[in-house]
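Please open the model in the viewer and set the display to cartoon, with side chains available on demand. The tour below proceeds by selection, with a description of what is found at each stop.

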Amino acid sequence: MNQDLKSRVDTWLQQHRSEIVRDIVALSRIPSVKGEPAPGAPFGKTCREALEAAVALCSRMGFEAQINHDGSYALMHHGEGKKSIGIFGHLDVVPEGNDWRLTEPFEPLEREGHLIGRGVSDNKGGVVAGLYAIAALRELGAPIKSRLTLFMGTDEESGMEDVQLFAREQQMPDFSLVPDTEFPVCHGEKGIFKVYAVCGDKSEALLSFEGGVAINVVCDEARATLKEEPALAAELATLCAASKWMEYRLDGGIITVIARGIASHASMPDGSRNATHELAKTLAACTKLPETDRKAMQKLVAVLGDSYGEAIGIAASDEKSGRLTCVNGIAQMRAGCVAVSFDVRYCVTLDGAQVLEGFEQCFAPDGWHLEGVTYSNGYHIPADDERIKALLKVYHEVSGDLEAKPYTMGGGTYARRLQNAVAFGPEPRISKLPDFMPPHHGGAHQPDEVLEIDSYLKGIEIFILAVVELDAMLHA
């Protein structure tokens with residue numbers, strides 16, 4: 001490794017610390033949750049606003065960026081080499097969710113060396129990392145021969161249509177890095193399967209049944225409303241009082257039953273608690289509820305009882321990517337019928353068609369049907385691939401963390417939709433939440449999403465030096 005360049009990169013990043021923080025905060029003030037399509041804004045007006053802000057930021061830093069495909073994504077290029085390295089980040093975020101305690105979701109703040117706000121980590125911090133990495137390479141005169149491309153997307157959290165458009169319209173880089181994960185290097189991602197299971201019988205008593213903020217976030221609040229009947233109201237009040245996760249309200253002749261849970265990213269369900277499951281347990285136990293509704297709730301109690309697909313019959317594991325996960329994010333009514341979403345992260349050795357078959361065998365016998373089925377299989381690059389080894393070497397030398405090894409994960413990044421791509425930083429491998437962070441807060445897709453600034457800057461340094469290493473390999 002070029003130690004002189006490493007030293008100059010570290011100095012440059014410290015000199016630009018305040019600007020980096022400022023730019024993450026500015027982007028994170030924009031509530032860029034996917035919305036209704038509009039002219040020039042296929043993923044909603046706030047996603048377009050974030051895209052325009054990022055393009056303006058590129059311009060202020062002396063780069064030319066261009067919005068593509070009617071507002072789906074933007075590209076910034078630097079250099080004219082025949083070989084190319086891509087950096088892919090996204091500006092859209094998951095909905096804010098519930099129980100923010102340290103700040104409002106889109107009012108990011110800095111506290112004790114941490115940034116807090118929706119998107120500071122996932123993934124506006126990643127976009128800023130890519131931009132400042134290219135700026136540092138330019139200003140420090142690093143000997144880069146490749147053309148560098150920064151992709152700024154707006155649909156990563158909701159289907160990745162943006163990067164699929166890129167793949168159809170643009171030339172694929174020779175190798176790409178996706179700064180949307182933890183170090184040292186993610187060399188494989190599980191497949192992602194999404195579906196809604198819909199009850200075949202219309203509800204008799206439920207006026208509403210709803211919960212969740214996104215399909216890829218474990219549902220942390222769900223509620224049902226029913227018309228008041230004295231016996232039904234009394235029983236539900238008793239059932240709710242028996243659980244710390246439940247709340248009972250009666251107002252204007254309407255019973256509202258509310259379940260609380262613990263949110264988590266769909267790929268990391270350990271420690272989460274599904275609110276739809278809690279709600280279904282209470283309703284299924286209510287003897288005054290019509291049999292049709294109780295039967296539907298009993299089905300939900302059965303299939304939502306674990307986070308690994310065991311009750312559905314799709315449990316699986318493999319050596320390359322570990323255990324399949326299966327979580328519920330959304331609860332709703334569709335044409336008077338109860339419906340729930342599932343987000344499955346399945347092993348790289350499985351095909352999505354096998355997961356679909358498992359769902360059909362689980363739900364069809366009880367008269368439920370499936371809607372909105374989508375899936376994309378995972379990918380895996382062997383750990384002994386020379387590019388993976390090069391990235392790992394840079395991480396080891398800069399961080400001093402010599403025990404770190406390449407890993408696979410259940411999270412899905414743009415890397416799965418590209419050729420010759422891996423997810424790489426900028427988050428630390430072992431992240432310790434600050435002491436002021438409430439339990440079950442601070443993570444991606446959780447309330448009070450947090451970014452530790454010093455670790456993040458070290459991550460950008462690793463990222464910069466990795467680009468230098470990859471460029472040398474491409475031109476060897």
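Helix axes, as used at the first stop, are lines fitted to C-alpha atoms over the stretch in contact, and the angle between two of them runs from 0 to 180 degrees between N-to-C directions. The model on display is a predicted one.

**First stop: two helices**

Select helix H2 (17-28) together with helix H11 (residues 453-474). At what angle do the axes of H2 and H11 cross? The crossing is at roughly 105°, and the axes come within 12 Å. Angles of 65 to 115 degrees count as roughly perpendicular, and H2 is therefore roughly perpendicular to H11.

Now show the side chains at the contact. On H2, select Arg17, Ile20, Val21 and Ile24; on H11, select Ile453, Asp454, Tyr456, Leu457 and Ile460. Coloured by class, this contact comprises 7 nonpolar and 2 charged residues, with no polar ones.

**Second stop: a salt bridge within H2**

Remain on H2 (17-28) and select Arg22 and Asp23. Their side chains form a salt bridge, with N and O 3.0 Å apart. Is each partner buried or exposed? Arg22 is partly exposed, at a relative accessible area of 46%, whereas Asp23 is buried, at 2%.

**Third stop: a link across the chain**

Next select Lys34 and Asp155, whose side chains meet in a salt bridge with an N to O distance of 3.2 Å. Where in the chain do these two residues lie? Lys34 belongs to the loop between helix H2 and helix H3 (45-60), and Asp155 to the loop between strand S6 (147-153) and helix H5 (161-169). The pair thus links distant parts of the chain, 121 residues apart. Lys34 is partly exposed, with a relative accessible area of 36%, while Asp155 is buried at 1%.

**Fourth stop: a network**

Move to Glu247 and Arg249, which form a salt bridge whose closest N and O atoms are 2.8 Å apart. Both partners can be checked on a surface display: Arg249 is partly exposed at 38% relative accessibility, and Glu247 is partly exposed at 25%. Extend the selection to Glu221, Arg223 and Arg260: salt bridges that share partners join these three with Glu247 and Arg249 into one network.

**Final view**

Return to the whole model and display every salt bridge. How many are found in the whole structure? The search gives 27, among them the Arg22 and Asp23 pair, the Lys34 and Asp155 pair and the Arg249 and Glu247 pair.

Methods
Residues are numbered from 1 along each chain as its sequence is written. This is a predicted model: local features need pLDDT of at least 70, side-chain atom pairs count only at pLDDT 80 or more; totals for chains, interfaces and linings use all residues. Side-chain values use heavy atoms; hydrogens and water are left out. A salt bridge is a side-chain nitrogen of Lys or Arg within 4 Å of a carboxyl oxygen of Asp or Glu. Buried means under 20% relative accessible area, exposed over 50%, partly exposed in between (1.4 Å probe, protein chains only). Helices (H or I, at least four residues) and strands (E, at least two) are DSSP runs, numbered from the N terminus. Angles under 35 degrees count as roughly parallel, over 145 as roughly antiparallel, 65 to 115 as roughly perpendicular and the rest as oblique. Contact means heavy atoms within 4.5 Å. Ala, Val, Leu, Ile, Met, Phe, Trp, Tyr, Cys and Pro count as nonpolar, Asp, Glu, Lys and Arg as charged, and the others, Gly among them, as polar.
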